[in-house]
Structure formats: C-alpha cells, structure tokens
Amino acid sequence: MAITGSGSLAITLSVFVISAAFLQKGAAQTVTVDGQNLATDNVSVIEGEMATISCRMKDNDDSVIQLLNPNRQTIYFRDVRPLKDSRFQLVNFSDNELRVSLSNVSLSDEGRYVCQLYTDPPQEAYADITVLVPPGNPIIESREDVVSEGNETELTCTAMGSKPAASIRWMKGEEEVTGETTVEETYDRMFTVSSRVRISVTKEDDGVPVDCIIDHPAVKDLLAQRHLEVLFKPEVKIVVTYPDGLPREGDNLDLTCIAEGKPHPHQINWLRVDEDVPPHAVVTGSDLYIENLNKSYNGTYRCVAFNAVGEAYDDYILYVHDSRAGEGAPQKIDHAVIGGVVAVVMFAILCALIVLGRYFARHKGTYFTHEAKGADDAADADTAIINAEGGHNNSDEKKEYYI
C-alpha cells in the first residue's frame, strides 16, 4: 500500500497521540531509577522574560523523548510541537538533548515540567519553573514632615506586588536601623510587604538620609529615600569684635552674638546678669556696644536667642583692667642708645679707676716716707727704729695720759 507524505504524517501523529495517552495514563506508576540517562535543571525566570528547559540524555538508544507541561500535556515530541502555544520554540534537538525556550513567561506558566524518555521502564526528570515578580517602586511615608530634636519620628516603607515576598532593610546614614515587618499575601499569589521604623532624632540628624532598601531576587538596587528634617533650638556664641586684647579703662567694647538654629532665631536679647545694662550701652540687632569702659561695668553679659523650639544663651564676663594693664607689646629697643650709654658708663668707670689708682699710690708713698723719717740720721738700726716709732731721740719725752 502506498502512503503519501500527508498520510505518513497522519500515521505518525496518531502513533504519537496513542503513545502520549499511554504515558499519561501510566505516569503515576513511572519510577525514576538510579543511574538513569535523563537529566534537567530547575529554572527561575523573571516575569515577562524567557525560560529555557533542557532535557539531556546520556547513552541514548534512539528512545523517544518528549517534554510535558505541568498539566502533563505534550509540548514537544522529539522535534515536533503538538501544543498550540507559539511561545514554546525548539532551540536544539539532537541525540543527546531536547532544548525548548518559553518566551514572555507569566505566573500561569509556573510549575513542574517533565522531561520523559520512553524507555523500559520510562524515565522522567523534573524541571521546576519558578516565576519571579519584582515589586513596584517602594513608597516611604512619614508620620510627620518635621520633628523637633529629642523626639521620635516614625517611617513606613511599602513594597507591593512581588513574588516571592521582598525583604526590607533600613539605613540611617551609614547606620542600619531595625524595623518591624509585616507580609500580606494577595489572592493572585503576590505579596505586599510593609516595614515600620521608629527613630529618635537629634539636631545632628537634620538632613540625614533614611533609605528603605528592597532585597528581591528579581531586582537589584531598589530603594526609596527620605531626608530627616529636624528642628532644634539655637546655638549661641558671643564674639569680641573690639578690643583685641584685655579691656581697659577708657576703651570701647563691641560684642557680637552669633545664633544659629532651625528655624532661624527670630529674637536676640542682651542683658546683664543680676544688674542693669549700662545706660549708654547701645544694642543694634545682635551687637552690644559700650564706650568709655570703667570698672563699674564689670559683670556677666548674656546674649539670649529664641526660636520656635526653645531658647539658648551664651555669657561674656567683662573685667575692666587699669589703663596701664596689658600695655601691648614691649617697646622696640634702640641698640644705638644702649651702646652709647654703656660706653659712657665704661668710660666713667675707667676714669674712676685711674683717679683711685693715683690717690692710693700717692698716699702709699707718704706713708713710707713718714715711717722712714729720722732713719737716715740714725747711727744704727736700733736708733732708727726708735726714731721711727716716736719721732724723737729721747725716750724721756714720752708722755702718758690717763683718763
């Protein structure tokens, strides 16, 4: 009997349908034995992208291989696709492999696909396709737009419509913060994840970014960011504009009050602690000016700044010194004058030494002349000594007086 080409195809399809029906009926009895020749891999794919299923064979003896979907419908029988779904395309068919691609994957394509080798007994290998659905852009909501220092703020981050459920991390600047997470599964096997975090803030946290970071296998670098806005009371500092050194009697005093805060201070006041400000002191905005200082102005001068959060102050202690106190830097030394003075002094000392030398020399000669007086006329040494001691030759001329 002659068989045309179309008839041959019909017979082949008939045989395929009978074989597929037989295999599906006996699938529950099919066992997978150790050392089987069939292998495949699980596949994870992002929704809308392409998945590839590879059925690989070793030592094939020309047995029939086919690929079944999770409903056990035949997708490919050898290199023929009986399933009317054009998203399935043959990538490779050889003695060792049947490889099929599935484009534009959706959640309905998820499940267990079967690589089936029609041997005796039949062999099966399973490829689980997992469809990943990335979450939408996360949204951060805050309980309040601004918060005062020392208080607590609450932030909530939500990631919707993901599969599997996303995980959420919080970062405040470079510091990781722990949040409370809730997961809700929707009717279409999707997940909505929310995380709430509470942060106690200081003035240093003003402008610091808070990041809600989404971790999910289908997406990278997904985050939402919000900057903290913190209100804080003023920071106050008094700067001495004049004088540069110690304040002295008769000087003028100029003080400037520098105040920063959020919001900016709306009021700055000057006062003198426990006393009145001098009557002729002039306050201009943040400046305090006092002229012609004297000791009665001694005391503590305070600058107080106010804003919506609170108030703060800084003190300056004024002590007026005598007009001679703190006389700046030493006068410049005139070395020529000093040299002249030293020369005059040395000349005077030299002259004095010369005069004294001549005086002592003259008196020393007179002494020796007096001692030797009469010695030249003496007949011998004893007479010379007697003449030198008394100045007379006759000892009877000595006189003694008693009082």
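What pattern do the disulfides of the chain follow, with bonded cysteines counted along the chain? They follow the pattern 1-2, 3-4, 5-6, and a search of the whole structure finds three such links, a disulfide being a pair of cysteine sulfur atoms within 2.5 Å. The structure is a predicted model, in which local features need pLDDT of at least 70 and side-chain atom pairs count only at pLDDT 80 or more, while totals for chains, interfaces and linings use all residues. Residues are numbered from 1 along each chain as its sequence is written, and side-chain values use heavy atoms, with hydrogens and water left out.

Following the chain, one may begin with the disulfide that Cys55 and Cys115 form, where the sulfur atoms are 1.8 Å apart and the link, with -70° about the S-S bond, is left-handed. This pair joins distant parts of the chain, since Cys55 belongs to strand β3 (residues 51–57) and Cys115 to strand β8 (residues 111–118), 60 residues apart; strands here are DSSP runs of E with at least two residues, numbered from the N terminus, just as helices are runs of H or I with at least four. Cys55 counts as buried because its relative accessibility is 0%, and Cys115 is likewise buried, with a relative accessible area of 0%, where buried means under 20% relative accessible area, exposed over 50%, and partly exposed in between, as found with a 1.4 Å probe and protein chains only.

The next pair to consider is Cys157 and Cys212, which form a disulfide with their sulfur atoms 1.8 Å apart, and with -75° about the S-S bond this link is left-handed. Cys157 lies in strand β12 (residues 152–162) and Cys212 in strand β17 (residues 209–216), so the disulfide ties together parts of the chain that are 55 residues apart in sequence. Both Cys157 and Cys212 are buried.

Further along, Cys257 and Cys303 form a disulfide in which the sulfur atoms are 1.8 Å apart, and because the torsion about the S-S bond is about -80°, the link of Cys257 and Cys303 is left-handed. Here too the pair links distant parts of the chain, with Cys257 in strand β20 (residues 253–262) and Cys303 in strand β24 (residues 299–306), 46 residues apart. Cys257 is buried, as is Cys303.

One more cysteine can be located in the structure: Cys351 has a relative accessible area of 31%, and is therefore partly exposed.
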